Number of protein chains: 2
Amino acid sequence: MVNAAICEVDHMRIGELSARTGTPRRLLRYYEEQQLIVADRAPNGYREYDERFVDRVIQIRGLLDAGLPTRIIKQILPCLDKPRTIYFPDATPEMIATLACERDRMSDRIRCLTRNRDAIGEYLDAVLDYNRPQDA
Amino acid sequence: MVNAAICEVDHMRIGELSARTGTPRRLLRYYEEQQLIVADRAPNGYREYDERFVDRVIQIRGLLDAGLPTRIIKQILPCLDKPRTIYFPDATPEMIATLACERDRMSDRIRCLTRNRDAIGEYLDAVLDYNRPQDA
DNA sequence: TCAAACCTTCACATCTATGTGATGGTCAAC
DNA sequence: GTTGACCATCACATAGATGTGAAGGTTTGA
């Protein structure tokens, strides 16, 4: 019997999402409270996540780690959906201005980080160079 | 009289540094407390800064904005002095490992920021494209 | 001599992202 | 039916960067 009625496996509860993203459950609930993610609810009230939440959560954590507050991340996330879910007419001029501003701030951060990372790299190269000149 | 005894102008007090870096005085004192900067003191107890503090403070703010805590910034800053002020023998293996780790974390942040910034850019391009198709 | 504009230290408040624990419901296995 | 591993909400605590103001010293200029 090649019955195709396979019960969907494409969902997980908060514990699994926590394990797969290395994120404390507490924070997954916090991100939801901040409206960065919206979880479905099972009949018993448990949160239900599908596969796409894994990448989404990792992305959120990356942006938080890079210094963006949840308020800004919430505005950025809709831009990342590949098939556009945001219809352009909904984009107010203020929203567009905010996004452009944040994009520029991100460029600033990238410049700053790159410059400093490279300086650290040079320093480390110099130190390693200094520490093993045994065989000339 | 071509007297060369010009009183040095290469120093400023906290108010001027604050104005020139756009940083509240409160934070300049905080950065000093966290040992990110070390200010000279005038005889009357006032902090005295020279020109180099301007760039240094801007750099600190950039790194803070990019998500690095003061504890890490304190370790990074010595790498940035062009004529090396840190003698390599002083660099402990743990310190080197920490720096390498932070450098990698910065690379991660750069990747994350770049990806998201580009996504915002694409989104904005699409929105602008949508908003002015008047003259075909 | 007085006022304004600096500076000092100290202390307490705030915001954001987090940690941690209490209290209790759901569910599966034994 | 009880135990253990999940889940829920709520609440309180912490840490880091920052805001704000009090109380007082210094300097400059009217």
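The legends below describe close-up views of a predicted model in which chain A and chain B touch each other and both supply residues near DNA strand C and DNA strand D.

**Figure 1. Residues around DNA strand C.**
DNA strand C is surrounded by 21 residues. The closest of them come from both chains: A:Tyr30 from chain A, and B:Gly15, B:Arg25, B:Arg29 and B:Arg47 from chain B. Of the atoms of DNA strand C that come within 4 Å of the protein, 65% belong to sugar and phosphate. Sorted by class, the residues of this surface are nine nonpolar, four polar and eight charged.

**Figure 2. Individual contacts with DNA strand C.**
Two of the closest residues reach phosphate oxygens of DNA strand C. B:Gly15 does so through a polar backbone atom, at 2.5 Å. B:Arg29 uses a polar side-chain atom instead, which lies 2.7 Å from a phosphate oxygen. A contact with a base is seen at B:Tyr46, where a polar side-chain atom is 3.5 Å from a base oxygen.

**Figure 3. Helices beside DNA strand C.**
Four helices each supply at least two residues of the surface near DNA strand C. In chain A these are helix 2 (25-33) and helix 3 (52-65); in chain B they are helix 1 (14-21) and helix 2 (25-33). Which helix gives the most to this surface? Helix 2 of chain A does, with four residues.

**Figure 4. Residues around DNA strand D.**
DNA strand D is likewise surrounded by 21 residues. A:Gly15, A:Arg25 and A:Arg29 are among the closest, together with B:Tyr30 and B:Tyr46. Sugar or phosphate accounts for 68% of the atoms of DNA strand D within 4 Å of the protein, and bases make up the rest. The surface near DNA strand D has nine nonpolar, four polar and eight charged residues.

**Figure 5. Phosphate contacts and helices at DNA strand D.**
Three side chains are shown with phosphate oxygens of DNA strand D. A polar atom in the side chain of A:Arg41 lies 3.3 Å from one. From chain B, the side chain of B:Tyr31 has an N or O atom 3.1 Å from a phosphate oxygen, and a polar side-chain atom of B:Asn44 is 3.3 Å from a phosphate oxygen. The elements giving two or more residues to the surface near DNA strand D are helix 1 (14-21) and helix 2 of chain A, with helix 2 and helix 3 (52-65) of chain B. Helix 2 of chain B gives the most, four residues.

**Figure 6. The interface between chain A and chain B.**
Here 40 residues of chain A are in contact with 40 residues of chain B. The size of an interface is often given as the accessible area lost when the parts come together. Between chain A and chain B about 4,000 Å² is buried, and carbon and sulfur atoms give 73% of this area. On the chain A side, A:Phe88, A:Leu113 and A:Tyr123 lose the most area to chain B, together 18% of what that side buries.

**Figure 7. Salt bridges and the chain A side of the interface.**
Four salt bridges are counted between chain A and chain B. In one of the salt bridges, the side chain of A:Arg105 meets that of B:Asp65 at 2.7 Å, N to O. Eight residue pairs between the chains are in polar contact, with both residues at pLDDT 80 or more. Helix 3 and helix 5 (93-131) of chain A each supply at least two residues of the side that touches chain B. Helix 5 gives the most to that side, with 25 residues. By class, the side of chain A that touches chain B has 24 nonpolar, eight polar and eight charged residues.

Conventions:
Residues numbered from 1 in each chain as written. Chains lettered and ligands numbered in written order. Predicted model: local features only at pLDDT ≥ 70, side-chain atom pairs only at ≥ 80, totals over all residues. Heavy atoms only, no water. Near = heavy atom within 4 Å. Polar contact = N/O pair within 3.5 Å; in protein donor to acceptor, adjacent residues only side chain to side chain. Nonpolar A, V, L, I, M, F, W, Y, C, P; charged D, E, K, R; others polar. Contact = heavy atoms within 4.5 Å. Buried area = accessible area lost by both parts, 1.4 Å probe.
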